[in-house]
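Me: Please take a close look at one buried part of this model. I would like one connected walk through it.

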Amino acid sequence: MNTKCYLLDTSIILDDTQNIIFLWQNAQNELFISDVVIEELDKKKDLQNETGFFAREFFRCINSDGGNINGHLQLPLKESFESIAKSNNDFTQTILFKYETFTIPLTLIYRPKYKLLPQEHSYNDSKLIEIARDYDLILLSNDISLKVRAQAQGIPAQSLFRDRVENPSDIDFWAFFELHKDIPLVDLKDDNIFQNLTQWSLVQVEELDNTDSALYKTGKKTFGLKVGKEFEELHLDEILKINQPYIMPINLEQKMLYALLTHPQNNLTIATGSTGSGKTLIALQAGITLVKNGRVDGIIYMRNTITANDKEAELGYRKGDENQKLGYFMYPLYSAINFTIDKLQEQSLAKRIEYRGEVNGIQKQDATEYFLQKHKIEIVDIAHARGISIGNKFVIFDEVQNASNATIKLIGTRIGEGSKIVFLGDWAQIDHPYLSKFRNGALSLLSKALNDDFIAGIQLRQTIRSDVASWFGENF
């Protein structure tokens, strides 16, 4: 057995505490942690966001009282490590990480006095590098700058990128078929390719006809979904005519998203697209439709509040009370609401009277506040979603690319009976310090949707942008 000895950086734990279980590999590997990481986690445990949750989760799971490990006595520190610890006056102790049925030993290394001179920038990173060098450990960090610094000094350093997706843009949920006009659409279920599709696949059928000597496309296209084992035709324009959303979808992708979100049998959807694709706007229209039709009691909008790697970007550092702080992060929702209000006000004098007052996208005053109340729209911070059950609601989780799999699981397990949830995001627009455009919550869900009948997926590739926005998107 090739045992590996890993020194864990804070980023590994803040990415997901269950990484510890993954790395341990049922006692195949040895895991080490330093006082630096304990100190950094302690500073973050009071944050009311995903980072704070994982810091608190780590401290809940550790126990320094010693004891048995999965029925086996703890083994003492290797003789070579003991010698290194003694020569550096280091204190070492086994702490136990307990999660569900797992009890995993972590060797804590506390160094009272480091050899390096104190420095203001990256001082903790330098401490970790020193420990990794002295004990000949593999430094494991999702902080790329730390990893590169360690490697430049000849220290083995790796990152832990679970659930990485190499070609995100290739993920596609559309299936295309050609069918002769004399063959009923219901016969599509007998097609071998159709049978192998997952449920909720987006289906386009082109009609064929023939002359005596040739087969040709008539130009007629039919759109639908695979529901169960059958092809279900979607009369998209009729769906929109019946439901009359405030804002009509303007392209095929938006119409399919609206149809997916309002479908009575679909309760879980992942929809991705860049800014301007209309994902938040269409999700809002679908939610309002579901409320109007009595299918749900209200709409809940939540968004991960991680926006950058500096503490001033954290929710707690914003000015104002909790609602005002949350307002900074809920601008995509307010933008969609205010766009809707503008269109309603253009339609009639009655709407201008109903939605009277100033539209303010950040402070949600007057017309915006009225819109939220009328359509039973609540804003929930994900930090407050723990321990609650969300029943009979339409839930919009925005910016899911900045959420870890553990956060997605947290929110998903809060969904109660009668509720639907849609996750929205742009997998290429990452603000989370430990995620990337090849590994994030949006991609995890897209990958699940490719292979799982329970979750529907769609990638919106068409964007509606201003000329200025389009120019920057193409040239930068």
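Reply: What follows starts from one residue and works outward.

This is a predicted model, where local features need pLDDT of at least 70, side-chain atom pairs count only at pLDDT 80 or more, and totals for chains, interfaces and linings use all residues. Residues are numbered from 1 along each chain as its sequence is written, and side-chain values use heavy atoms, with hydrogens and water left out.

Start at V395. V395 sits in strand β17, residues 393-398. Helices (H or I, at least four residues) and strands (E, at least two) are DSSP runs, numbered from the N terminus. V395 has a relative accessible area of 0%, so V395 is buried. Buried means under 20% relative accessible area, exposed over 50%, and partly exposed in between, with a 1.4 Å probe and protein chains only.

Now its surroundings. Setting aside neighbours within four places in sequence, V395 is in contact with I300, M302, I390, I415, K420, I421 and V422. Contact means heavy atoms within 4.5 Å. The C-alpha atoms of V395 and I411 are separated by 9.8 Å, and the two residues are 16 apart along the chain.

Next, the sheet. The open sheet has six strands in the order β16-β15-β17-β18-β14-β19, with parallel pairing. Its edge strands are β16 (377-379) and β19 (456-460), and each pairs on one side only. Two strands pair if DSSP finds at least two bridges between them. Neighbouring strands are turned by 20° against each other on average, direction ignored. Strand β15 (residues 298-303) pairs with β17 in the parallel sense over six bridges. One bridge joins G298 to K393 of β17.

A helix covers part of this. Helix α10 (residues 252-262) packs on the sheet and touches β14 (268-273), β17, β18 (420-425) and β19. The direction of α10 makes about 160° with that of β19. Axes are lines fitted to C-alpha atoms, for helices over the stretch in contact, and angles run from 0 to 180 degrees between N-to-C directions.

Finally, the core. The largest nonpolar core has 75 residues. Such a core is a set of buried Ala, Val, Leu, Ile, Met, Phe, Trp, Tyr and Cys residues joined through side-chain atoms within 4.5 Å. Those with the most contacts inside this core are M256, M302, F371, V400 and F423. Helix α11 (residues 279-292) gives the most to this core, with eight residues. Leaving aside neighbours within four places in sequence, M256 is in contact with W174, L202, F223, G224, L225, L234, L236 and I458.
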